[in-house]
Amino acid sequence: MNFEQLVRPNIQRLTPYSCARDEFKGKAAHVFLDANENPYNAPLNRYPDPLQEELKQELSRVKGVPPTHMFLGNGSDEAIDLVYRIFCEPKVDNVVAIAPTYGMYEVCAHINDVEYRSVPLDEGFRLNADKLLAACDSKTKAVWLCSPNNPTGNCLLRSEVERVISEFPGIVVVDEAYSDFSQQRPFRLDLPQYPNLIVLNTMSKAWGCAAIRLGMAFADPAIIALFNKVKYPYNVNLLTQQQAAEMLHNLPKLQQWLTTICTERSHLLPAVAELPLCRRLYPTDANFFLAEVTDADSIYHYLVERGIIVRNRNRVVLCGNCLRITIGTPQENCELLAALRQYR
């Protein structure tokens, strides 16, 4: 890839901020008088590792990606925003995405004053690579794909995704936030084949750590270097790094959660499909499902009155009268079903 043609000129010229902790790297030190920190209240008085090197080693063991191919951020939203800030010239460039999909891709486009082009998915929420590529032009810097997709729940057909990555001459972002719930091979394991590919992942879903806000981007080291050049110096705090490392050492708990959630999914979907209010259930590879119902607005407010919160997607393109429902605990799922069975 010729990244010079993709990266914004001001980013190419940028001299990044130099963290105090970067300047002595590789040397032993025990007296720290360089960063104007309070010498008391260890360890919280010290700035965290700006590149999270120990945590990346742990993640590499679990994710099968070298640390050099890894960026960590304040949720996946930071990585999403960085794609715009690095590659997209405001008021000039554009990006292309499927529709419906995760809303932050479009929000970040508007924040960065970049044109956002939506290409509706085909029947059954299938990706059509020809349609997506036809929406691109010489000013298209990035393509956004989410698989399993949010809010539809399905994995995009792998051969179509591969075509987009291979044929599009810019950056392709594949968001795999829900990949732990799917049997499809993660695209992060195929990074060596695709220097223009960025794969997003998160600790918020399968790992049950939404509160700590840790997102991941896996990509070619040249892209990772750009992310590190533009990111804020200490973007992932110490408490987040510590909690993430603790979770990564507890893989049996993760596997238990995944097994329980997928089992509950297999029980809940057919039960919802039998309800009179359900018109259609869409196949899902995620920890949620999309259901077309008789009256999404009415059913949504009915559930809210009973203290049950789902996501009303009625006004999202191709999702008329649809509710997106997350798989909860067995008790929560039973309460949801009981309420839906009483709806009239």
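**Group meeting: a walk through the sheet, the loops and the pocket**

Okay, let's start right in the sheet: alanine 97 has a bridge partner in S4, and that partner is tryptophan 144. Before I go on, keep in mind that this is a predicted model.

That bridge belongs to the pairing of strand S2, residues 94-99, with S4; the two run parallel, and four bridges join them. On to S5, which also runs parallel to S4, with five bridges between the two. If you want one residue pair to click on there, take alanine 142, whose bridge partner in S5 is isoleucine 171.

So is S4 enclosed or open to the outside? Seven of its seven residues are buried, so S4 is largely enclosed by the rest of the structure.

Now zoom out to the whole sheet. What is the strand order? Reading across, you get S1-S7-S6-S5-S4-S2-S3, an open sheet of seven strands with mixed pairing. The edges are S1, residues 70-74, and S3, residues 115-120; each has a single partner strand, so one side of each has no neighbour in the sheet. From one strand to the next, the twist averages 25°.

Let's go over to the S1 end. S1 pairs with S7 in the antiparallel sense, over five bridges. You'll find glycine 73 standing opposite glycine 215 of S7. Helix H8, residues 221-230, packs on the sheet here and touches S1, S5, S6 and S7. Its direction makes about 140° with that of S7.

Right, loops. There are a couple of cis peptide bonds to show you. One runs from alanine 42 to proline 43, with omega near 0°, and proline 43 sits in the loop between H2 and H3. Another goes from serine 147 to proline 148, with omega near -5°. Proline 148 is in the loop that leads from strand S4, residues 140-146, to helix H7, residues 158-167.

Stay with the H2 to H3 loop for a second, as asparagine 41 lies there too. Its phi is near 75°, which is positive for a residue other than glycine. Asparagine 41 is exposed, at a relative accessible area of 57%. Arginine 213 also has a positive phi, about 55°, and is not a glycine either. You'll find arginine 213 in the loop between S6, residues 197-202, and S7, residues 214-219. With 32% relative accessibility, arginine 213 counts as partly exposed.

One more loop residue: asparagine 196, between S5 and S6. Buried or exposed? Asparagine 196 is buried, with a relative accessible area of 4%. For a sense of scale, its C-alpha is 40 Å from that of histidine 267, 71 residues away along the chain.

Last stop, the largest pocket. It holds about 460 Å³ of space. Which elements give two or more residues to its lining? Those are helix H2 (20-23), helix H3 (53-63) and helix H9 (238-248). The lining has 19 residues, and the ones nearest the centre are Pro48, Asp49, Glu54, Leu238 and Gln241. By character, the lining divides into eight nonpolar, three polar and eight charged residues.

That's my tour, so over to you for questions.

Key
Residues numbered from 1 in each chain as written. Predicted model: local features only at pLDDT ≥ 70, side-chain atom pairs only at ≥ 80, totals over all residues. Heavy atoms only, no water. 1 Å grid on protein atoms, 1.4 Å probe; cavity = no way out; pocket = protein on both sides within 12 Å on 5 of 7 lines; lining within 4 Å. Points joined across faces, edges and corners; volume = space filled by probe spheres on them. Nonpolar A, V, L, I, M, F, W, Y, C, P; charged D, E, K, R; others polar. Buried < 20%, exposed > 50% of the residue type's maximum accessible area, 1.4 Å probe, protein only. Pairing = 2+ DSSP bridges. Axes fitted to C-alpha atoms, helices over the stretch in contact; angles between N-to-C directions. Contact = heavy atoms within 4.5 Å.
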